[in-house]
Amino acid sequence: MVSLDAAVNLAFLVLLSALLAVLASKFVFRTSPIFFAYVTFNLLVSGFAAMLVERYLPGWYLHFYIFIIVADFIINLYVLAELGKNVLRFNGAESSYWEVACFLFLLAAVGIFSHTEWAVLPHRSLLSDFYYLAMRVSEVLAFAAFLAFMGWSTLRGLRWPDRELHIATGFGFLNLAWFAVCILHTQWSEGEAYHRLDQAGGLADLIVLAYWLHYFFVGAGGEAAVQAANAASGKGRDDDDAGPTRRRGFARSAFRVARNAERK
């Protein structure tokens, strides 16, 4: 019988592969290259490479996954910046005021860290504790970035194009879900409850992948038809700004794969 971990990992790879194929067919890499690179990284590195390292080089798995955590967070920051630039261009804004976003990020990070603590267990190895803390810190910083970006967008009163809004909505859901996992890990830092929390985070990953896949496969196609009709009537705008405006302000979160390394 297939375990829940194996089923989630298989679904993760299938959905990511399908999403990457759809993004490539829609030429999303032209207007959102960092988001495209982010999906590619998660498929090839967080997905296939991590699976191969876990199977053939188990002694290096924690080292490799720490690299994934750091690289994933850095790419997430670049995706955040890309979303911001696309939204600013859509609004025709001349000034970005990134210093405001940085200040909000520092404020949120300090505020969250001051109310968050995790257990470093004596029977775990130094590497395992570092892995555990790296996961928790990345989740806090991702949530702080989510709050900062949401605050920056709200203060600027920015309108969001449909594509960026859907990308940001998925990131926002994941950011909130993984932050909740992070907080709950304060009480359960090992054992079965710890593993169940990571599985819940993995299911949140699948929900967002399905959401993005549906949008880019169905919704984005509908937008293309609207754009073609608008272009024929002389009402079209640049392809980089594709999609109607839905509402003001939103943000995104870090997308990552939850794995229970301690079960080794």
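**Exercise 1. Describe the surface and the overall make-up of the chain.**

Solution. The chain exposes about 12700 Å², of which carbon and sulfur atoms supply 69%; such accessible areas come from the Shrake-Rupley method with a 1.4 Å probe, and for residues only the protein chains shown count as cover. This is a predicted model, in which local features need pLDDT of at least 70 and side-chain atom pairs count only at pLDDT 80 or more, while totals for chains, interfaces and linings use all residues. Residues are numbered from 1 along each chain as its sequence is written, and side-chain values use heavy atoms, with hydrogens and water left out.

The next step is the secondary structure, which comes to eight helices and two strands; here helices (H or I, at least four residues) and strands (E, at least two) are DSSP runs, numbered from the N terminus. Read along the sequence, these elements follow the pattern α-α-α-α-α-α-β-α-α-β.

The last step concerns burial and contacts. Buried residues make up 50% of the 264 residues in the chain, where buried means under 20% relative accessible area, exposed means over 50%, and partly exposed lies in between (1.4 Å probe, protein chains only). Among the contacts (heavy atoms within 4.5 Å) with a separation of 6 or more, 83% join residues 24 or more positions apart.

**Exercise 2. Work out which residues and helices build the largest nonpolar core.**

Solution. Begin with the term itself: a nonpolar core is a set of buried Ala, Val, Leu, Ile, Met, Phe, Trp, Tyr and Cys residues joined through side-chain atoms within 4.5 Å. The largest such core has 75 residues, and those that touch the most other members are L19, L23, F35, V39, Y131 and F216. At least two residues of this core are supplied by each of helix 1, helix 3 (33–56), helix 4, helix 5, helix 6, helix 7 (162–184) and helix 8 (191–232). The largest share, 15 residues, comes from helix 4.

One core member can then be followed further: leaving aside neighbours within four places in sequence, V39 is in contact with L16, L19, L20 and L23.

**Exercise 3. Characterise the second largest pocket by its volume, lining and chemistry.**

Solution. On a 1 Å grid over the protein atoms alone, a pocket is an open set of points where a 1.4 Å probe fits, with protein on both sides within 12 Å along at least five of seven lines, and its lining residues have an atom within 4 Å of a point. The second largest pocket has a volume of about 230 Å³, a volume being the space filled by probe spheres set on the points, which are joined across faces, edges and corners.

Its lining consists of L77, L80, A81, W98, A101, C102, F105, A145, A148 and F149. The elements that give two or more residues to this lining are helix 4 (61–91), helix 5 (98–113) and helix 6 (126–156), and the largest share, four residues, comes from helix 5.

By class, the lining has 10 nonpolar, no polar and no charged residues, where Ala, Val, Leu, Ile, Met, Phe, Trp, Tyr, Cys and Pro count as nonpolar, Asp, Glu, Lys and Arg as charged, and the others, Gly among them, as polar.

**Exercise 4. Compare the settings of F27 and Y97, both given here with their phi angles.**

Solution. F27 is found in the loop between helix 1 and helix 2 (28–31), and although F27 is not a glycine, its phi is positive, at about 55 degrees. With a relative accessible area of 42%, F27 is partly exposed.

Y97 is found in the loop between helix 4 and helix 5, and phi of Y97, likewise a residue other than glycine, is positive and near 55 degrees. Y97 counts as partly exposed because its relative accessibility is 41%.

**Exercise 5. Place A24, W118 and F171 in the fold, and state how each is covered.**

Solution. A24 lies in helix 1 (residues 4–25) and, at 30% relative accessibility, counts as partly exposed. Not counting residues up to four places away in sequence, A24 touches F29 and F36; the C-alpha atoms of A24 and F36 are 8.2 Å apart in space, with their positions 12 residues apart in sequence.

W118 belongs to the loop between helix 5 and helix 6 and is buried, with a relative accessible area of 17%. Beyond residues up to four places away in sequence, W118 touches F113, Y132, L133, R136, V137, V140, C182 and T186.

F171 has its place in helix 7 and is buried, since its relative accessible area is 0%. F171 and V208 are 37 residues apart in sequence and 7.9 Å apart in space, C-alpha to C-alpha.
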